[in-house]
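Let's take a walk through this protein together, one region at a time. Have the sequence and the 3D view at hand as you read.

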Amino acid sequence: MGSGSELVRGLQERAASALPAEHVEEVEGWRLRRSPGCAWWTGTVLPHGPAGPDELAYRVARAERFYTGRGAAARFQISPGACPETLDTELADRGYRRLSSMSLQVASTARVLEKAYVGSLRVRLADRPDRAWFDTWHAVHGHGRETRAEWDLLGRVRLPCAYACAMIGDDVVAVGRAVADTGWAGVFGMATLAQARGKGAAREVLAALARWAGANEVGRMYLQVECANVPAVQLYERTGFRELCAYHYRTAD
């Protein structure tokens, strides 16, 4: 890709394809997404593309009608460079709250492999999730979400995938998944059970996903992490990832 803005936009749109919403409506470059029962960020607006002041107000109102008609609050993903420059201010003036500071990070697959951690845990890979993978992920991240809705989301992914499980004996203790899309492998669903934390399980999962990406000639990797999740941020820093941009969300009350 060319400019940094184009790269940010392209990666966020790849992430949307790796977390496909149940309902998507495109309005002149903006994606209005709704995923009942899933993580709220899979149902946010991707407001990509330029818009002048008058057009911006119209598009925001159009998005609000989309969510109001579905009994949901409007939420916008604000990625600098990918969104209209004045959108964040426009939403703040409308009373939208800022939440969830995030970091979009990138690394070359070779760099992640160079720093890959080879420990004592066995890691198995599959091209689709099984019950053990899902149950481990759900035990860490699934609180308040509908199991069926999350299974359905994974079933909507139409891109090459790898699902990694780190094992202690016969038990899955850490998981993650990667989704390949036009030269990039996105990392999602990283989760480690409490009893396995501090033992290198997450790093072994990430290394396995990088090996899968390398074997499939996918030369670059990306991920999204909450800035407040210090252990995860440190893990990704140790494995060669660097921040491309910070982004956040705006939500209507």
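A good place to begin is strand β2, which is mostly covered: 4 of its 5 residues are buried. Buried here means under 20% relative accessible area, with exposed being over 50% and partly exposed in between, using a 1.4 Å probe and protein chains only. Helices (H or I, at least four residues) and strands (E, at least two) are DSSP runs, numbered from the N terminus.

Two notes will help you read on. Residues are numbered from 1 along each chain as its sequence is written, and side-chain values use heavy atoms, with hydrogens and water left out. This is a predicted model, in which local features need pLDDT of at least 70 and side-chain atom pairs count only at pLDDT 80 or more, while totals for chains, interfaces and linings use all residues.

Now look at what flanks β2. It belongs to an open sheet of 3 strands in the order β1-β2-β3, with antiparallel pairing; two strands pair if DSSP finds at least two bridges between them. The edges are β1 (23-27) and β3 (46-47), each of which pairs on one side only. Between β1 and β2 (residues 30-34) there are 5 bridges. Along this pair, His23 stands opposite Arg34, and Val27 stands opposite Trp30. The hairpin of β1 and β2 has 2 residues between the strands, and Glu28 takes a positive phi near 50° there. On the other side, 2 bridges join β2 to β3, and Arg31 has Leu46 of β3 as its bridge partner.

Two helices lie across this sheet. Helix α1 (residues 4-18) lies across β2 and β3, running at about 30° to β2, whereas helix α2 (residues 53-68) lies across β1 and β2, at about 15° to β2. Such angles run from 0 to 180 degrees between N-to-C directions, with axes being lines fitted to C-alpha atoms, for helices over the stretch in contact. In α2 you will find Arg59, which is buried, with a relative accessible area of 8%. Leaving out residues up to four places away in sequence, Arg59 touches Glu28, Trp30, Pro50 and Ala51, where contact means heavy atoms within 4.5 Å.

Helix α1 also leads us to the largest nonpolar core, as α1 gives the largest share of that core, 5 residues. A nonpolar core is a set of buried Ala, Val, Leu, Ile, Met, Phe, Trp, Tyr and Cys residues joined through side-chain atoms within 4.5 Å. Of the 33 residues in this one, Leu11, Leu104, Trp133, Val175, Phe188 and Tyr222 touch the most other members. Beyond its neighbours within four places in sequence, Tyr222 has contacts that include Leu11, Leu104 and Phe188. A second, separate core of 30 residues includes Ala166, Leu206, Ala213 and Leu235.

Our last stop is the pair α5 and α6. Their axes are 12 Å apart and they pack at an angle of about 120°, so they are oblique to each other; angles under 35 degrees count as roughly parallel, over 145 as roughly antiparallel, 65 to 115 as roughly perpendicular and the rest as oblique. Where the two helices meet, Arg131, Trp133, Phe134, Trp137 and His138 come from α5, and Thr147, Glu150, Trp151 and Leu154 from α6. In α6, Ala149, Glu150, Trp151, Leu153 and Leu154 are buried, and the buried residues of α6 pack against α5, β7 and β8.
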